Amino acid sequence: MPSNKKLFGLFLIPALALLGGCNAVLLSPSGDIALQQRNLIYISTALMLLVIVPVIFLTLLFAWRYRKSNNRSDYDPEWHHSTQLELVIWAVPLLIIIVLGAITWISTHKLDPYRPLDRVDAQRAIPDGTKPLVVEVVALDWKWLFIYPEQGIAMVNEMAAPVDRPIQFKITASSVMNSFFIPAMAGQIYAMPGMQTQLHAIINKPGEFDGLSANYSGAGFSGMRFKFHGLNDGDFDQWVKKVKSSSQSLDRDTYLQLEKPSERNPVQHYAKVAPELYQAILNRCVEANKMCMHDMMAIDAGGGLGMPGTVNIASLDNATRARLGLDDQPVRSYVGAMCSPGNPLGLPLPATEPGTRPI
């Protein structure tokens with residue numbers, strides 16, 4: 001019969017084979033921001049090991065040298081102080097903390113996700129006049145929507161960008177908090193409803209990379225993944241043409257259907273996008289009869305409307321209530337549109353009048 005050690009060795013071989021197929025993407029990134037973040041991990045780990053390794057070594061050494069059976073070790077019960085030892089114990093950790101603090105201060109500002117990039121990689125600066133590729137990201141339940149305002153296209157659970165071109169992500173969510181994360185390119189950034197976060201990043205290598213939500217958001221969280229394609233300029237242009245050849249358009253009604261919770265959605269392409277759709281999503285006023293958050297804030301900034309505004313209320317129409325599953329819920333009223341004290345009934349006003357919009 002084989003011994004237990006041999007059996008353990010037999011089980012260990014397939015485990016090692018499985019580990020050999022792992023891809024530690026955080027330690028082998030393909031974007032400059034992720035690379036700098038990886039280097040911070042290496043530097044911080046090395047600095048902390050300057051304390052950890054000697055402590056572990058000395059712990060084992062003292063345990064061996066001063067074991068009970070070792071009668072040759074020195075015994076000095078009156079010893080209580082060593083200036084040299086105190087200097088080492090306090091000076092080394094203090095220096096490490098100072099260095100870590102300096103690195104943290106510099107990297108916090110240099111790698112601020114809101115800060116536009118100033119380099120392609122460690123050897124190349126961003127050429128003058130280079131415009132970033134703007135991508136508007138919406139975290140839905142449970143899928144990702146990407147809108148390209150410059151190209152006028154959108155897609156679900158897939159996105160692409162040219163290699164070595166800066167990307168400016170504008171990120172929001174439709175309902176609950178999520179976290180936008182492409183490990184090969186940059187760190188995670190939260191997506192929150194009614195708020196916009198930003199991320200400036202770049203991909204330096206062509207390839208297909210995984211993107212995901214890094215914040216638990218409900219039943220379909222585990223399938224909330226997408227593919228990010230790093231392409232050269234020619235391939236990116238072809239990819240845009242492919243999306244534009246789709247027969248689907250993303251208008252407001254289509255978005256409201258897309259917004260409904262669903263799991264493991266297939267990739268969808270939209271050749272056209274309704275104007276200002278992302279701003280409507282961000283301001284939570286995709287429905288035609290809802291007031292936008294920026295209009296509410298404009299009213300508040302102007303001191304409110306007082307009594308004239310109380311007549312300017314509305315409620316969701318029956319179709320919208322049915323879509324949101326509110327048929328059996330009480331009807332709630334809210335401010336329906338923006339008007340001014342000089343127009344308390346909310347009558348249509350000329351488009352040129354400041355502080356107004358069509359009702």
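Two residues are in contact when heavy atoms lie within 4.5 Å of each other. By this criterion, Phe146 touches, beyond residues up to four places away in sequence, Val135, Glu136, Val137, Ile153, Ala154, Met155, Asn157, Glu158, Met159, Phe180 and Phe226. The model is predicted, with pLDDT of at least 70 needed for local features and 80 or more for side-chain atom pairs, while totals for chains, interfaces and linings use all residues. Residues are numbered from 1 along each chain as its sequence is written, and side-chain values use heavy atoms, leaving out hydrogens and water.

Phe146 also belongs to the largest nonpolar core (buried Ala, Val, Leu, Ile, Met, Phe, Trp, Tyr and Cys residues joined through side-chain atoms within 4.5 Å). Within its 42 residues, Phe146, Tyr148, Phe169, Phe180, Phe228 and Trp239 touch the most other members. A separate core of 20 residues includes Ile147, Val156, Leu256 and Ala274. Across the 359 residues of the protein chain, 37% are buried (under 20% relative accessible area with a 1.4 Å probe, protein chains only).

Turning to secondary structure, the chain holds 8 helices and 17 strands, taken as DSSP runs of at least four residues (H or I) and at least two (E), numbered from the N terminus. One open sheet runs E6-E12-E11-E8-E9 with mixed pairing, where pairing requires at least two DSSP bridges between strands. Its edges are E6 (158-162) and E9 (186-191), each paired on one side only. Inside the sheet, E8 (residues 178-182) and E11 (residues 207-213) are antiparallel over 2 bridges, and here the core residue Phe180 stands opposite Ser213 of E11.

Methods. Buried means under 20% relative accessible area, exposed over 50%, partly exposed in between (1.4 Å probe, protein chains only).
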